Amino acid sequence: MLEIDFKEIITVGMVLFAVIDIVGSIPIIVNLRAKVGHIESEKASIVAGLIMIVFLFVGEGLLNLIGIDVHSFAVAGSFVLFFLALEMILGIRIYRDEEPGSASIVPLAFPLIAGAGTMTTLLSLRSQFHTINIIIAILLNIILVYIVLKSSKKIETLLGENGLGVVRKTFGVILLAIAVKLFAANVKGLFV
């Protein structure tokens, strides 16, 4: 029986939106577009969505293969989310992949959209939410990613630098709260 829960979809969707940080990535996208000329928004969105959905299903098996339980991964994921949130709120760079150089798939779909933070988050969320709700949230986020990629120039002009900063910091605070909740929910499982 499918456990579709709109509250879960909204929660997971907001977490993924904050981690993917497609709005915060608009300056990188605009810079990439200037370097390579054209970004294939459809291709980048579809590939990123496929990477996320595949990892959602095979990620746990991969962990089991190397002897790591989901609670340990979720706690580790909460730390990653915590540091991503600090980056967003404080405007500091704790860790970022190299700035993308060319093409739509490699720098854009992976690692910019479906990067290490997103992968860790997906497995962490899987320990708390139903898979169907996570998949729906992924699809909704990919639609948003596509819209943002298609209209990145317009969004940058509309929001301006200050508007992008406000959006980034707001989602940083939400992400920080979710990281704390994820840690609290899974840390008990480490000692059972």
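## A briefing on helices, bridges and a surface patch

Threonine 120 sits in helix α6, and it makes a good starting point for a tour of this structure. Keep in mind as you look around that the model is predicted. We will visit the surroundings of threonine 120, then two salt bridges, two helices that can be set side by side, a loop, and a nonpolar patch on the surface.

**Around threonine 120**

- Is threonine 120 buried or exposed? With a relative accessibility of 13%, threonine 120 counts as buried, because the cut-off for that word is under 20%.
- Leaving out neighbours within four places in sequence, threonine 120 makes contact with Phe73, Ala76, Gly77 and Val80.
- Glycine 59 is 61 residues away from threonine 120 along the chain, and 9.1 Å separates their C-alpha atoms.

**Two salt bridges**

- How many salt bridges does a search of the whole structure find? The search finds two, and helix α3 takes part in each of them.
- One of the bridges joins lysine 150 to glutamate 42, with 3.4 Å between the closest N and O atoms. Lysine 150 belongs to helix α7 (residues 131–150) and glutamate 42 to helix α3 (residues 41–65), so this pair ties together parts that are 108 residues apart in sequence.
- Both partners of that bridge are partly exposed: lysine 150 has a relative accessible area of 47%, and glutamate 42 has 37%.
- Arginine 126 and glutamate 60 also meet through their side chains in a salt bridge, at 3.8 Å from N to O. Here arginine 126 comes from helix α6 (residues 116–126) and glutamate 60 from helix α3, so the pair ties together parts that lie 66 residues apart in sequence.
- Arginine 126 is partly exposed at 24% relative accessibility, and glutamate 60 is partly exposed at 27%.

**Helix α7 and helix α8**

- Helix α7 has 20 residues and reaches 28 Å from its first C-alpha to its last, close to the 28 Å expected at 1.5 Å a residue.
- Helix α8 tells another story: it has 36 residues, yet its end C-alpha atoms are only 39 Å apart, short of the 52 Å that a straight helix would reach.
- Where does α8 bend? Look at glycine 160, where the helix bends by about 90°.
- A useful idea for reading a helix is that there are 3.6 residues a turn, so residues three or four places apart point the same way.
- Try that idea on α7, where the buried residues are Asn133, Ile134, Ile135, Ala137, Ile138, Asn141, Ile142, Val145, Val148 and Leu149.
- Then try it on α8, whose buried residues include Phe171, Leu175, Ile178, Ala179, Leu182 and Asn186. Gly163 and Leu164 of α8 are also among the buried ones.

**The loop between α1 and α2**

- Aspartate 21 lies in the loop between α1 (6–20) and α2 (26–36), and serine 25 is found in that loop too.
- Most residues other than glycine have a negative phi. Aspartate 21 has a positive phi of about 50° although it is not a glycine.
- Both of these loop residues are buried: aspartate 21 has a relative accessibility of 9%, and serine 25 has 6%.
- Which residues does serine 25 touch? Not counting residues up to four places away in sequence, serine 25 touches Ile20 and Leu112.

**A nonpolar patch on the surface**

- Phe79, Phe83, Leu90, Ile92, Ile94 and Phe183 form a nonpolar patch on the surface, and together they have about 540 Å² of accessible area.
- Which helix gives the largest share of the patch? Helix α4 (residues 70–90) does, with three residues.
- Phenylalanine 79 is found in helix α4, and at 44% relative accessibility it counts as partly exposed. Its C-alpha atom is separated by 16 Å from that of aspartate 69, ten residues away along the chain.
- Phenylalanine 183, another member of the patch, has its place in helix α8 (residues 152–187). Phenylalanine 183 is partly exposed, with a relative accessible area of 31%.

Notes
Residues numbered from 1 in each chain as written. Predicted model: local features only at pLDDT ≥ 70, side-chain atom pairs only at ≥ 80, totals over all residues. Heavy atoms only, no water. Patch = residues over 30% accessible without salt bridge, like charges linked within 9 Å, V, L, I, M, F, W, Y side chains within 5 Å. Areas by Shrake-Rupley, 256 points an atom, 1.4 Å probe, with all protein chains shown as cover. Salt bridge = Lys/Arg side-chain N within 4 Å of Asp/Glu carboxyl O. Helix = DSSP H or I, 4+ residues; strand = E, 2+ residues; numbered from the N terminus. Buried < 20%, exposed > 50% of the residue type's maximum accessible area, 1.4 Å probe, protein only. Expected span 1.5 Å × (residues − 1). Bend = angle between axes of the 7 residues up to and from the residue. Contact = heavy atoms within 4.5 Å.
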